[in-house]
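Visitor: I am new to this structure and would love a close look at one part of it, the place where the two chains meet. Could you walk me through that part and then show me what lies around it?

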Amino acid sequence: MNALGRFWSRARQSRAVLFCGGLLVGLVVVAMLGPFLSPHNYLQTDFNNILSAPSLTDGHPFGTDDLGRDLFVRTLLGVQVTILVALVASAVSLVIGVFYGAVAGLTGGRVDAIMMRFVDTLYALPFIFLVILLMVAFERNFFLIFVAIGAVNWLDMARIVRGQTLSLREREFVQAAQLSGVSFVRIILRHIAPNLVGVVIVYLTLTIPQAILVESFLSFLGLGIQEPQTSLGALVDAGVNHMEGASWMLLIPAALLALILLCFNFLGDALRDVFDARQSR
Amino acid sequence: MLRYALLRLLGAIPTLLLVIVLAFLMVHAAPGGPFDDERVLPPEIEANIAAAYQLDQPLPQQFLQYISGLLRGDLGPSYRYRDLTVSDLIGSAFPLSLKLGAMAMLLAMLVGVGVGTFAALRQNSLLDRALMTLAMTGIAIPVFVLAPVLVLLLAVHLHWLPAGWSGTTGGGRFILPVVSLALPQIAHIARLTRASMIDVLASDFVRTARAQGLGTRTIVRLHALKPAMLPVLSYMGPAIAAILTGSVVVEEIFGIPGLGQHFVRGALNRDYTLVLGIVVFYATLVILLNLIVDLLYGVIDPRIRQR
């Protein structure tokens, strides 16, 4: 895609982008491939090896948990689940946010004012509590986690896309399209959306860590991903319960979660510098 | 000013109503009743329970009753704690959470503004860069990762501070929870203060003050601090919300019997009325505090008041 190509040629000029991006890609690759290298799987319990410390010789490089499950495989599974949830949730927020923002910006006038006032109202809500309520009401459904997090995170995206659309609307090619009778939806898809790619990707790198945060927050409280599936938040929760005797259960997933979040934050910051989003907001 | 305050207060009502409707509908759309259990009850008893909690009436009726109870400060009975109402539970648990949150907020403001100003006065020095990288790290790391690691280090290994809440008394047990709650906010506030302080220090009135021969310390204290605080003030709303969410986690980790713990327990036990009540309570609190922050804005900045 042309817009993506242009994005990449600008983004790769920043060393911070390459470093953080490379680290994240590497982590994902290790998380996908790592479990195949281990003789264990994430379910298998070994009651002779309960809470054994990390060691390279016995095949448990990250140690085992209180049921004797191999933590190397479980931690990598946790990384997979955490990243997957964050990506899908961000995609949900992306679709909602871009459409909402583009429709508001392109329509303008009173509709725009009302739509943005609605966003302002939603901003004032303590969303995380509503998400928890949703999880309680619907029995911690796996699919619902995506929807809930996505539904929380679309507000920023909608605001940014609206701002961009407002300025795009005045450009000749959009006006030409409008004059020649191109339909509303088609203008958004063909003329507005491709021009948003840069800004949207920059803000996506900031909504992904937010989604990771919400997911691991829910899982930490026992309201997110359920056993025997796991995520980094759930692993940290288990680690807290055993930290006095088995500190590795806490420290390894905590360090990985911190690393992932830090990487995304630095990546987002670096990308924002490259594209100077403040100016175009 | 008064008119503005009243208008803002009126504007907050629809937001609050939206939360209540959303929360109420979610709870009542939940599959399965609150009293579904392993043991199957005879239908007469089930009907009696439903009648006692008014679950046999149509939804709009239930909603109106909930609202009218709300206006009288009655959040209904708890489904799990049979002898207590939700209002009782909130009333007994909230003061502790409030104390914790207020202490964290105060700490975050004092240290955050201090560090931010300190860094702004040494802009682009090595110390400034180190502090800001640290702040970035503090923002990225969530409370539920930070707090257990602090406990592991300072309580379990070094034995400097108590690890939990129960079994200890005195002020020492407040330190770790408050610090864990405050650290991410310190980082945020320090970054905001640094950025706006740098802007303010470059402005004309600061240059004039310098020309009059005032020292840096006096300039910051008398002239620069107040305008530099405006972005920090507008961050107070999100900060309050973050501390509320953080307190849920912190109370769970340290075993503090506050409102956050009730919330999590209620959520895990499917105590619908308790969870609903706490959500409504938190929402009211967040909206109200945001309102106060907005009004404070006008108090600090006369340019806004005049409009």
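Guide: Let's start right at the meeting place: the contact takes 38 residues from chain B and 33 residues from chain A. Two residues are in contact here if their C-beta atoms, placed from the backbone, lie within 7 Å. On the side of chain B that touches chain A, the elements giving two or more residues are helix 1 (2-29), helix 5 (126-140), helix 6 (143-157), helix 10 (230-254), helix 11 (259-269) and helix 12 (272-300) of chain B. The largest share of that side, eight residues, comes from helix 1 of chain B. By class, the side of chain B that touches chain A has 32 nonpolar, four polar and two charged residues. In this count Ala, Val, Leu, Ile, Met, Phe, Trp, Tyr, Cys and Pro are nonpolar, Asp, Glu, Lys and Arg are charged, and the others, Gly among them, are polar.

A word on what you are viewing: this is a predicted model, in which local features need pLDDT of at least 70 and side-chain atom pairs count only at pLDDT 80 or more, while totals for chains, interfaces and linings use all residues. Residues are numbered from 1 along each chain as its sequence is written, and chains are lettered from A and ligands numbered from 1 in the order in which they are written.

Now pick out one residue, A:Leu133. Leaving aside neighbours within four places in sequence, A:Leu133 is in contact with B:Ala23, B:Met26, B:Val27, B:Val275 and B:Val279. A:Leu133 also appears in the largest nonpolar core, which has 167 residues; those with the most contacts inside it are A:Val131, A:Leu133, A:Val236, B:Val275 and B:Val279. A nonpolar core is a set of buried Ala, Val, Leu, Ile, Met, Phe, Trp, Tyr and Cys residues joined through C-beta atoms within 7 Å. Buried means that 20 or more other C-beta atoms lie within 10 Å of a residue's own, exposed means 12 or fewer, and partly exposed is in between, with C-beta atoms placed from the backbone. Helix 3 (residues 71-107) of chain A gives the most to this core, with 19 residues.

From A:Val131 we can step to A:Ala148, in helix 6 (residues 142-169) of chain A. A:Ala148 touches A:Val131, A:Leu134 and A:Met135, not counting residues up to four places away in sequence. With 26 other C-beta atoms within 10 Å, A:Ala148 is buried. Its C-alpha atom is separated by 9.0 Å from that of A:Leu130, 18 residues apart along the chain.

Helix 3 of chain A holds A:Tyr100, which counts as buried because it has 21 C-beta neighbours inside 10 Å. Beyond four places in sequence, A:Tyr100 is in contact with A:Met115, A:Trp154 and A:Ala158.

Stepping back, chain A comes to eleven helices and zero strands, while chain B has 13 helices and zero strands. Helices (H or I, at least four residues) and strands (E, at least two) are DSSP runs, numbered from the N terminus. Buried residues make up 47% of the 281 residues in chain A and 37% of the 307 residues in chain B. The C-alpha trace of chain A spans about 75 × 45 × 25 Å along its principal axes, and that of chain B about 85 × 55 × 30 Å.

Elsewhere in chain B, look at helix 7 (residues 172-201), which has a kink of about 35 degrees at B:Ala182, shortly before the proline B:Pro184. The bend at a residue is the angle between axes fitted to the seven residues ending there and the seven starting there. Of the 30 residues of helix 7 of chain B, 22 are buried, so this helix is largely enclosed by the rest of the structure. By contrast, helix 8 (residues 204-211) of chain B lies largely in the open, because the number buried among its eight residues is zero. Just after helix 8 of chain B, B:Gly213 takes a positive phi of about 95 degrees.

One last stop is B:Asn124, in the loop between helix 4 and helix 5 of chain B. B:Asn124 has a positive phi of about 70 degrees although it is not a glycine, and with 10 C-beta neighbours inside 10 Å it counts as exposed.
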